[in-house]
Amino acid sequence: MSRIKDGAGPSTSGHGIRPPPRTTTGRTYEYTKLSDVKVRTTVNLYAAVKFFKPPFPSRGTDYCMVAKLVDPSVGNLDEGLKCLFFAKEESTLPQIQSVGDIVRIHRLKVDNFKDAPQGNKGPGFSCLVFDGRQGAPTNPRSDSQNFTFGPKDEAKVLELRQWVSLTPELNVMSSDPPTFADVTEGEYYDLSCQIVSMARVDEKCVLFQVWDGTIPAEPFRKADLQDLSLDQKADLAQKVKGYLVDVFIFDNHVPTALRFKPGDFVRINNLHVAKYKPPDNEAGPSAQLVEFVVHKGTSYGRGLTTLSSDHPNLQDLKSVMKQVIDRSTTTEVSTSEQDDTAANGPVKKARTGESSAESDGLLGNSNVQEGNSNVQERDSMPQEGDSSVQGGDYTVQQGGSMAQGNNAAQERDSNVHETNSNKNEKDSIVSAEGSFASSSNSTDRRCLQETGTVITGHHHIKVTPIHAVLTHYTPFKFRLKAQLVDYCPRDVREFCCLFCYTCNYCIEIPSSLKRNDCQEEGREPSNSSFPCLRCKKTQSRDGNTDSAVIPTMKYIYIVKFTLDDGTGLLEAHMWKKHAVSTEAFFRDLPPCNLYRRQEDRQVLSDYMQQLCPGAASQTAAPWMECCIMSYTVKDSGPALYQIFDTTLALEAA
DNA sequence: GTTTAGGCTTCG
């Protein structure tokens, strides 16, 4: 039972025989167990935070905050003392940041509301808040300038921490906080992030573009920025382009949102990952989207608050962000290079892209067109030859597994692991490929649909949205689900070209071979009788005149697919060994001179018509499940993509 | 000095 009945603060023994114990400040306090709290009293208490609504502006003049406090005396954590606090400034409200925080409250006035005790500010109210985690510093967060804090207080905090740590409902800070990578459609999250840009959408809606260093596993709705004036932290926006997440903030949260500015760190409470229902008139993106929404109201603590500089999430968040920015700073180089090459299209002339100095030397000034005007360099060719692809393979394997559904989370976890050795649980889970055997619901739904292609392995890997692929570092492997919106070349006769496996040289099929009256082709459809003119030139330059050793060129498939999953467009090449073999794209349809093999041409045409029916009926395009690997020819080169372990699942008509 | 909101999801 509290001995404080008058709200006077320090407990006085009044008429007691012994003088009250005194602290250095001359005051001492007695603290009431929650089970002893009675209405119409004023008490001091120590407790832990079971629930709280962060400060929000009331419709009156003050900020309001709601908290429910518990201590070991409450029989059931659903019980406890509900408190309601008002203050002119957020800074003079209890500085609660998390469930599990420990509070010391002086002069809490307990009233009756709806037949239950309710804590309110009494005259002289003051509140200290402590991090509830064992081992954390015991310095208090105070709602006032002056406060007492002595060894007894510290002991009390440590005692309550022990209890909190043994109480799972309160011990919430012991696990990693959720990130955008962790979100699931339909759920609500409290997330910490940084505002990169913001815009007023209309009277009742503000858009935040935020990031937390991770990428949502679910494709999400992005605002149409055309009619919006975006307030942006431009340098940051450039660096974190691929990580921006659009959050739509409504109604009573609009004024709160407008007090923020780009660059601010914000805590978003009760962010809803809502299933996006596009309006009927909206040209539907092919993928199902979620949208990130802060709905009106303050239920479940919904709202925006400044992420304070000592918030337990902030340091981890910043460390993840730093790693992303460091990486993007190195990617910026490649981005600009990519832009350079993009002037001629992302896929350039048949440089055959050898990364080795030797090959570059070979490429030199040689011009195969001299001497044979029929040979055109192929105009649609991955910027890499065999050697570089193998290099890519190697590095990919070094890099480890394919992207998990939330690969960004995987990175994040390992980052956390580096700095926080007691948070290794998730880390060890994701480090083994295949741990995320379950797919998301939306993935399951899509699996039931007919797919135009299927993957021939890696089924346990979660699907990654294209926008996440595009911003991921290279090399890496991903599983995608997308539709084919375009492919190149459009003429299936040009799907095959001639390739020299000796020097990685690739050319269009020469006119001499397109004609029916040319020399006999090899017995295997993929064999041509065409000598590699580059090898020939090299050999003659090196003084080798033995024409018998000049390799003949082979037919290979090489097709560029443009894939769309509603989150972005990705151009990926499908070629060579990934195009044909029992497990590869066209399975048993050998590469050949398609100018001369009408039957193969017809089958291919039919496949492509099914996969990519064209603009008019694109919504009918089947989903393509595929494995994609990213790579670069040179370390700083643009990211390139190729399909692997993917095969058609269509019947030729 | 009073009011605000008083946990327990919007529907964009």
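In this predicted model, the side chains of Arg104 and Asp153 meet in a salt bridge with an N to O distance of 3.2 Å, a salt bridge being a side-chain nitrogen of Lys or Arg within 4 Å of a carboxyl oxygen of Asp or Glu. Because Arg104 lies in strand E4 (residues 102-113) and Asp153 in helix H1 (residues 151-165), the pair ties together parts that are 49 residues apart in sequence; helices (H or I, at least four residues) and strands (E, at least two) are DSSP runs, numbered from the N terminus. Both partners are buried, Arg104 with a relative accessible area of 1% and Asp153 with one of 10%, where buried denotes under 20% relative accessible area, exposed over 50%, and partly exposed the range in between, computed with a 1.4 Å probe on protein chains only.

The structure holds 14 salt bridges, and two others can be described in similar terms. Arg221 pairs with Glu291, the closest N and O atoms being 2.6 Å apart. Since Arg221 lies in the loop between strand E8 (205-211) and strand E9 (231-232), and Glu291 in strand E12 (residues 290-294), this pair ties together parts that are 70 residues apart in sequence. Arg221 is partly exposed at 23% relative accessibility, whereas Glu291 is buried, with a relative accessible area of 15%. In the salt bridge between Arg133 and Asp131 the closest N and O atoms are 2.8 Å apart; Arg133 counts as partly exposed at 26% relative accessibility, while Asp131 is buried at 14%.

The surface near DNA strand B comprises 29 residues, of which Lys53, Lys204, Asp251, Asn270 and His295 come nearest, a residue being near a molecule or strand if one of its heavy atoms lies within 4 Å of it. By class, this surface has 11 nonpolar, 9 polar and 9 charged residues, with Ala, Val, Leu, Ile, Met, Phe, Trp, Tyr, Cys and Pro taken as nonpolar, Asp, Glu, Lys and Arg as charged, and the others, Gly among them, as polar. Strand E1 (41-57), strand E2 (63-70), strand E3 (81-87) and strand E11 (265-275) each supply at least two of its residues. Of the atoms of DNA strand B within 4 Å of the protein, 39% belong to sugar or phosphate and the rest to bases. An N or O atom in the side chain of Asn270 is 2.3 Å from a base oxygen of DNA strand B, and a polar side-chain atom of His295 lies 2.8 Å from a base nitrogen. At the backbone, a phosphate oxygen of DNA strand B is 3.4 Å from an N or O atom in the side chain of Ser299.

Chain A contains 13 helices and 23 strands, and buried residues make up 52% of its 653 residues. Among its contacts (heavy atoms within 4.5 Å) between residues at least 6 apart in sequence, 71% join residues at least 24 apart. In helix H13 (residues 598-611), the buried residues are Asp600, Arg601, Leu604, Asp606, Tyr607, Met608 and Leu611, and these pack against strands E14 (451-455), E15 (476-488), E19 (552-564), E21 (623-631) and E23 (646-648).

Residues are numbered from 1 along each chain as its sequence is written, chains are lettered from A and ligands numbered from 1 in the order in which they are written, and side-chain values use heavy atoms, with hydrogens and water left out. Because the model is predicted, local features need pLDDT of at least 70 and side-chain atom pairs count only at pLDDT 80 or more, whereas totals for chains, interfaces and linings use all residues.

Terms used: A polar contact is a pair of N or O atoms within 3.5 Å; within protein, one must be able to donate a hydrogen and the other to accept it, and residues adjacent in sequence count only if both atoms are side-chain atoms.
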